[in-house]
Amino acid sequence: MKKLITYYTITIVAIAGSATCSDSGPQQFLSLGTAGTGGIYYPLGGAIAARLSVMDSVRQYTAEVSGGSVENVNRLRERQTDLAFATGNTIYEAATGGQDYEEAVADLRILAPLYPNMTHIVVARGSDAASLADVAGGTVSVGPPGSGTEQMSRQILEAYGLTYDDVTPRYLSFNESATALRDGALDAAIISVGYPAAAVLEATTTGGARILPMEADRVDFLRERYPYYVHGAIPAGAYPGVDAPVPTAAVMNWVIGMADLPDEVVGGVVHVLSEDRDALAQVHDMVRQIDMRSLLEAPIGLHAVTRSWVEANLGADRSP
C-alpha cells in the first residue's frame, strides 16, 4: 500500500508540474549526460531519455555523449546539463571535495541507482602478464580525460604499487582502447564498465585480448582507502575466453542531479528505474542488475523525492 501511495503521489506531482509548465511556456529540453558510445552509459541513457520524454508531456529529454563521470559532474555544477550518470567514486570525491575537486559540490544528489561497474584489466594478445603489476613499464590505456575510469585507474594502479610514472598512460575511450589493443599499440587497458561491454567484446573477440583477475587482497586494499569499492566478478561466458568468473573490483553507477532538480523530473526517473525496467532491458541486459535497495548504501545524499521513495518503500531514512 505504501508503494502504491508513493507511486500515485509521484504521479500527481508530475502531472501538477506539467500543468504549471505548459501554462507558463513552451516545451522544455533537458539533457542527460552519459559517456562515450563504446560503453553502456550512452545507449542506456538514450533509452531512459526516451521513456522520460513519453511520460512527460512538457519536457523533451536527450542523452548526450560526454567524457564521462567527471565531466558530467562538472557540467551539472555549471548548470550545463540537467541529469547525468556517474560512478560512485566520482560523486563521492565531488561531494566531499576530494580527488580532482578543489571545492565540494555540496548540492550534488543521487536520484536512482544503476548497475555495478566491473574493473576490466585487459591485456593484449600474446601478453604473458598474470597481474596488473606485470605491465609496469608498458603502455596502458587509463580511460578518457574527464571519466570515472581515469580516476579509478590511478587507484587501481596504486593497489599494485604503481603510478603513472611507472607506465606510459594513454587517455583513450573504450572504443579507442579496443582498437589499440587489437593493433598492438597497447600493453593493457583499464576499463571500468558493466558487462558485457561492446569495446571489451571487440578486444577479446577480434583482437585476441585477455582479461586479468584482481586479487582479493588488492580489492581489500582499495576498500580500506576508498569506501565506494566492493568485491565483484565478471561472470563466466561474459566474453570469449572467460570460462570461469573473473574476480575484480566493482563500483556502483548512479543517476545524479542537483538538489533543486524539479520533483516531477526526479519522480519520473525513480518510476522508470523502479517500475519500467523491462522496457530498458531491451536496450541492454545490465538493466536487470539494477537494485533499488542500493539506495540504502548510497555514498552521498539522496534527492528529496528519492529519499521519500526510500522511506515509503524500503522503510529507511536516508537524509542528505
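Leaving aside neighbours within four places in sequence, Thr306 is in contact with Ile110, Leu111, Val266, Val270 and Leu295. This residue belongs to helix α11, and with a relative accessibility of 1% Thr306 counts as buried. One of its contact partners is also reached through a polar group: the side chain of Thr306 comes to 2.8 Å from the backbone oxygen of Leu111. Thr306 makes a convenient way into this structure, which is a predicted model.

Stepping back to the whole chain, the secondary structure of the protein comes to 11 helices and 10 strands. The radius of gyration is 20 Å, close to the 20 Å that the globule rule gives for 320 residues, so the protein is as compact as a globular protein of that length. Along the principal axes, the C-alpha trace spans about 65 × 35 × 35 Å. Buried residues account for 54% of the 320 residues. Of the contacts between residues at least 6 apart in sequence, 73% join residues at least 24 apart. The protein exposes about 13200 Å², and carbon and sulfur atoms supply 50% of that area. As for charge, there are 21 positive and 37 negative charges, and the mean positions of these two sets are 4 Å apart.

Helix α4, which covers residues 88–96, offers a good view of the packing inside the model. Its buried residues are Gly88, Asn89, Thr90, Ile91, Glu93 and Ala94. They pack against the helices α3 and α5 (148–159) and against the strands β3, β4 (108–123) and β10. Just after α4 comes Gly97, with a positive phi of about 70°. A positive phi also appears at Arg79, about 60° in this case, although Arg79 is not a glycine. Arg79 is found in the loop between α3 (69–77) and β3 (83–87). With a relative accessible area of 49%, Arg79 is partly exposed, because the exposed class begins over 50%.

Strand β10, one of the elements that α4 packs against, spans residues 246–258 and includes Asn253. The relative accessibility of Asn253 is 0%, so this residue counts as buried. Two polar partners can be named for its side chain. The side chain of Tyr41 makes a polar contact with that of Asn253 at 2.5 Å, while the backbone oxygen of Tyr115 is reached at 2.8 Å. Beyond residues up to four places away in sequence, Asn253 touches Tyr41, Ala86, Thr87, Pro113, Leu114, Tyr115, Pro116 and Asn117.

The loop that leads into β10 from β9 (229–234) holds another buried residue, Tyr239. Its relative accessible area is 3%, which is under 20%, and therefore Tyr239 is classed as buried. Not counting neighbours within four places in sequence, the contacts of Tyr239 are with His120, Gly194, Tyr195, Pro196, Ala197, Val200, Leu201, Thr204, Ile211 and Ile234. For Ala197 there is a polar approach as well: its backbone nitrogen lies 2.9 Å from a polar atom of the Tyr239 side chain. Thr81, by contrast, is set 34 Å from Tyr239, C-alpha to C-alpha, with their positions 158 residues apart in sequence.

Two of the residues touched by Tyr239, namely Tyr195 and Pro196, are joined by a cis peptide bond with omega near -10°. Pro196 sits in the loop between β7 (188–193) and α7 (198–205). Tyr195 and Pro196 also feature in the surroundings of His284, which touches both of them along with Ile40, residues up to four places away in sequence not being counted. His284 itself lies in the loop between α10 (277–281) and α11 (304–313), and α11 is the helix that contains Thr306. A relative accessible area of 15% makes His284 buried, because the limit for that class is under 20%. The C-alpha atom of His284 is separated by 19 Å from that of Thr204, a residue 80 places away along the chain. Thr204 is in turn among the contacts of Tyr239.

Note on methods
Residues numbered from 1 in each chain as written. Heavy atoms only, no water. Helix = DSSP H or I, 4+ residues; strand = E, 2+ residues; numbered from the N terminus. Buried < 20%, exposed > 50% of the residue type's maximum accessible area, 1.4 Å probe, protein only. Contact = heavy atoms within 4.5 Å. Rg over C-alpha atoms; globule rule 2.2 N^0.38 Å. Areas by Shrake-Rupley, 256 points an atom, 1.4 Å probe, with all protein chains shown as cover. Lys, Arg positive; Asp, Glu negative; His and termini not counted. Charge placed at Lys NZ, Arg CZ, Asp CG, Glu CD. Polar contact = N/O pair within 3.5 Å; in protein donor to acceptor, adjacent residues only side chain to side chain.
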